[in-house]
Amino acid sequence: METKIAIQGIKGSFHHQVAQQYFEQIDGLDECMSFDDLVNSLINNRSQKGVMALENSIAGSIIPNYALIDRNNLHIIGEHYLDIHMNLMVLKGQKIKDIKEVHSHPIALLQCAVFFSQYPHIKLVESGDTAETARRIQEQQLKGIGAVAAPIAADLYDLEILAAGIHTVQSNKTRFVIVKTTNKEWPKETINKASIKFELDDTPGSLATVLNVMNNCKLNLTKIQSMPIIDRPFQYSFFVDVIFEKYKHYEKVKNILALMTKHFKVLGEYKRGEQ
């Protein structure tokens with residue numbers, strides 16, 4: 001059976017890099033210019049699996065993507081950590097003094113804010129994708145405009161890198177998850193990480209009690225993200241990632257939390273990615 005992969009962005013994007021590194025075989029790409037379109041690609045079976053950025057070590061969590069996964073009942077079946085290398089690229093022959101605008105995805109621009117503070121003459125413009133801007137510069141021969149993107153984009157679209165590694169913190173990683181509309185990707189004995197979601201009553205100590213249950217059952221919490229519940233002021237959903245050595249320990253917690261919490265949901269059970 002063919003597997004088509006949905007990515008946010010186009011060839012040369014960071015999502016494209018992850019797809020190349022994670023999957024042994026790709027039968028085709030569905031290039032989506034938004035995460036909403038990526039989700040629609042999966043739901044409408046234009047693709048079978050998707051690559052979705054979830055958090056960055058500099059910019060933090062991409063909170064709307066948690067909501068997209070939850071609201072559309074997608075399943076996380078894997079994760080991949082990518083070292084992010086941001087580069088300023090332009091049509092060949094230009095100097096940085098020639099550049100009036102730099103276009104890129106808002107998260108990419110945020111990660112390079114300190115670099116661009118040295119060049120107040122450059123206007124930063126948000127766009128839908130890092131690689132799409134690089135391609136547009138080449139196709140339209142746009143002088144005076146630069147892109148912030150991965151080195152692979154410069155190679156694909158024949159641009160010159162004016163400055164390499166311009167992200168503020170050199171240890172810059174993004175965590176991507178692999179999503180699909182169904183689960184059951186891995187046998188239990190290979191699963192060592194899970195993503196879950198739950199809600200709690202507004203009572204003192206309720207979250208602490210949940211965390212104690214995880215600790216007592218030998219689970220290591222690696223991520224907790226709260227999100228406001230619409231139409232219920234000051235109440236929150238919690239998105240939690242846990243890792244474990246034995247599935248039975250996690251299974252015990254899963255059964256307890258299903259009773260202790262409200263709207264308990266498993267978003268994914270999968271193999272932990274290498275950081």
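The paragraphs below go through a helix pair, an enclosed cavity and an open pocket in this predicted model.

A good place to begin is the pair formed by helix α8, which covers residues 206–216, and helix α9, which covers residues 247–260; their axes lie 10 Å apart and meet at an angle of about 165°. Because of that angle, α8 counts as roughly antiparallel to α9, angles over 145 degrees being placed in that class. The two helices cross in a right-handed sense. On the α8 side the contact is made by Thr209, Val210, Val213 and Met214, and these meet Val253, Ile256, Leu257 and Met260 of α9. Sorted by class, the residues of this contact are seven nonpolar and one polar, with no charged residue taking part.

From the helices we can turn to the empty space inside the protein. Rolling a probe the size of a water molecule over the atoms reveals where such space is left. When the whole structure is searched in this model, one cavity of 30 Å³ or more is found, and the largest cavity holds about 70 Å³ of space. Its lining is made up of Leu54, Tyr66, Ile69, Ile76, Ser195, Ile196, Lys223, Phe239, Val240, Asp241 and Leu267. Three elements, namely α3 (63–71), β12 (193–199) and β14 (236–243), each supply at least two residues of that lining, and β14 gives the most, with three residues. Eight of the lining residues are nonpolar, whereas one is polar and two are charged.

The remaining feature is the largest pocket, which has a volume of about 410 Å³. It is lined by 19 residues, and the closest of these to the centre of the pocket are Tyr22, Phe23, Glu24, Ile178 and Trp186. Strand β5, which runs through residues 75–83, gives the most to the lining of this pocket, with four residues. By class, the lining of the largest pocket divides into eight charged, six nonpolar and five polar residues, while that of the largest cavity has eight nonpolar, one polar and two charged residues.

Conventions: Residues are numbered from 1 along each chain as its sequence is written. This is a predicted model: local features need pLDDT of at least 70, side-chain atom pairs count only at pLDDT 80 or more; totals for chains, interfaces and linings use all residues. Side-chain values use heavy atoms; hydrogens and water are left out. On a 1 Å grid over the protein atoms alone, a cavity is a set of points where a 1.4 Å probe fits but cannot get out, and a pocket is an open set with protein on both sides within 12 Å along at least five of seven lines; lining residues have an atom within 4 Å of a point. Grid points are joined across faces, edges and corners, and a volume is the space filled by probe spheres set on the points. Ala, Val, Leu, Ile, Met, Phe, Trp, Tyr, Cys and Pro count as nonpolar, Asp, Glu, Lys and Arg as charged, and the others, Gly among them, as polar. Axes are lines fitted to C-alpha atoms, for helices over the stretch in contact, and angles run from 0 to 180 degrees between N-to-C directions. Angles under 35 degrees count as roughly parallel, over 145 as roughly antiparallel, 65 to 115 as roughly perpendicular and the rest as oblique. A crossing is left-handed if the near helix is turned anticlockwise from the far one by less than a right angle, and right-handed if clockwise. Contact means heavy atoms within 4.5 Å.
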